Amino acid sequence: MQAIMETLFDAVYLTSVITIGILMIRGCKGDRQLRLFGIMGVVLGAGDAFHLVPRAVALCTTGLENYTVPLGLGKWITSVTMTIFYVLLYYVWRQRYRIKGQVGLTAAVYVLAGLRILLCMMPQNQWLSADAPLSWGIWRNIPFALLGLLVIVLFYRSAKKHGDQAFRWMWLTIVLSFGFYIPVVLWADTIPMIGMLMIPKTCAYVWTILIGYFAMKQECK
């Protein structure tokens, strides 16, 4: 039952975010902000597919323990693409609110993203091992969490300042995604049921993409 339900959920999720992303790229009418948002959706779905597709195959066949390498490789790729997702989201913020300058802020985004990707590339992560160390899971997620926090603050302040109804909950979707993700990083290995939090975390990301899609439908009539 778990295999069927999880596979169906993941299939709907991947199909939805990639499809919405493509629709936004095609329907943005030259709006750079909306095009970036569409690219975000495709990056999110394509990146997650590297982990979710092998997981679905494993669940529906011989089990997760027999797919350690493809699952680890997929998780590695997803970690990098999620970092790119937040860099793109930062540029959506700049485009939407017509932000000029802010060189220091942009540098901070690139430093945090670069540090996150560098930590993800370190062999100590043991991505392809069944016993990957928790300590490195924590280290690589510190700059990622700081990047997410930065984007949360930027969208919260700007949406409030500009009375942006379309993006008023963007900050909350990111808060929820990290709120559900962090316990999984810390405790999923010892308490497997914690892994179920990846479902609402995924829903939070779908909400993020839908915010951009509905904004496009409203602003590109």
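Okay, one definition before anything else: a residue is called buried under 20% relative accessible area, exposed over 50%, and partly exposed in between. Keep that in mind, and remember that what you're looking at is a predicted model.

Let's try the definition on A107, which sits in helix α4. Its relative accessibility is 38%, so A107 counts as partly exposed. Now look across to W139. Along the sequence, A107 and W139 are 32 residues apart, and in space their C-alpha atoms are 21 Å apart.

W139 brings us to the surface. Which residues join W139 in a nonpolar surface patch? They are L134, I138, I142, L146, L149 and V153, and together with W139 they make a patch of about 600 Å². Take V153 from that group: you'll find V153 in helix α5. At 31% relative accessibility, V153 is partly exposed, because that value falls between the two cut-offs.

Next up, the loops. Find K29, in the loop between α1, residues 2–27, and α2, residues 32–60. K29 isn't a glycine, yet its phi is positive, about 55 degrees. So is K29 buried or exposed? With 64% relative accessibility, K29 counts as exposed, because the cut-off for that is over 50%.

There's another residue to show you here, Q126. Again we have a positive phi in a residue other than glycine, this time near 50 degrees. Q126 lies in the loop between α4, which covers 103–121, and α5, which covers 134–162. Its relative accessibility is 38%, so Q126 counts as partly exposed.

Okay, last stop: the pockets. Rolling a probe the size of a water molecule over the atoms shows where empty space is left. In this model, the largest pocket holds about 1600 Å³ of space. How many residues line the largest pocket? The answer is 50, and the ones nearest its centre are H51, R55, K75, V184 and A188.

If you want to trace that lining on the structure, go helix by helix. α1, α2, α3, α5, α6 and α7 each give at least two residues to it. In sequence terms, α3 is 68–96, α6 is 170–187 and α7 is 198–219. Which helix gives the largest share of the lining? That's α3, with seven residues. And sorted by class, the lining of the largest pocket has 25 nonpolar residues, 14 polar ones and 11 charged ones.

That's my tour, thanks for listening!

Methods
Residues are numbered from 1 along each chain as its sequence is written. This is a predicted model: local features need pLDDT of at least 70, side-chain atom pairs count only at pLDDT 80 or more; totals for chains, interfaces and linings use all residues. Side-chain values use heavy atoms; hydrogens and water are left out. Helices (H or I, at least four residues) and strands (E, at least two) are DSSP runs, numbered from the N terminus. Buried means under 20% relative accessible area, exposed over 50%, partly exposed in between (1.4 Å probe, protein chains only). On a 1 Å grid over the protein atoms alone, a cavity is a set of points where a 1.4 Å probe fits but cannot get out, and a pocket is an open set with protein on both sides within 12 Å along at least five of seven lines; lining residues have an atom within 4 Å of a point. Grid points are joined across faces, edges and corners, and a volume is the space filled by probe spheres set on the points. Ala, Val, Leu, Ile, Met, Phe, Trp, Tyr, Cys and Pro count as nonpolar, Asp, Glu, Lys and Arg as charged, and the others, Gly among them, as polar. Patches are made of residues with over 30% relative accessible area and no salt bridge: like charges are joined within 9 Å, nonpolar side chains (Val, Leu, Ile, Met, Phe, Trp, Tyr) within 5 Å. Accessible areas come from the Shrake-Rupley method with a 1.4 Å probe; for residues, only the protein chains shown count as cover. A salt bridge is a side-chain nitrogen of Lys or Arg within 4 Å of a carboxyl oxygen of Asp or Glu.
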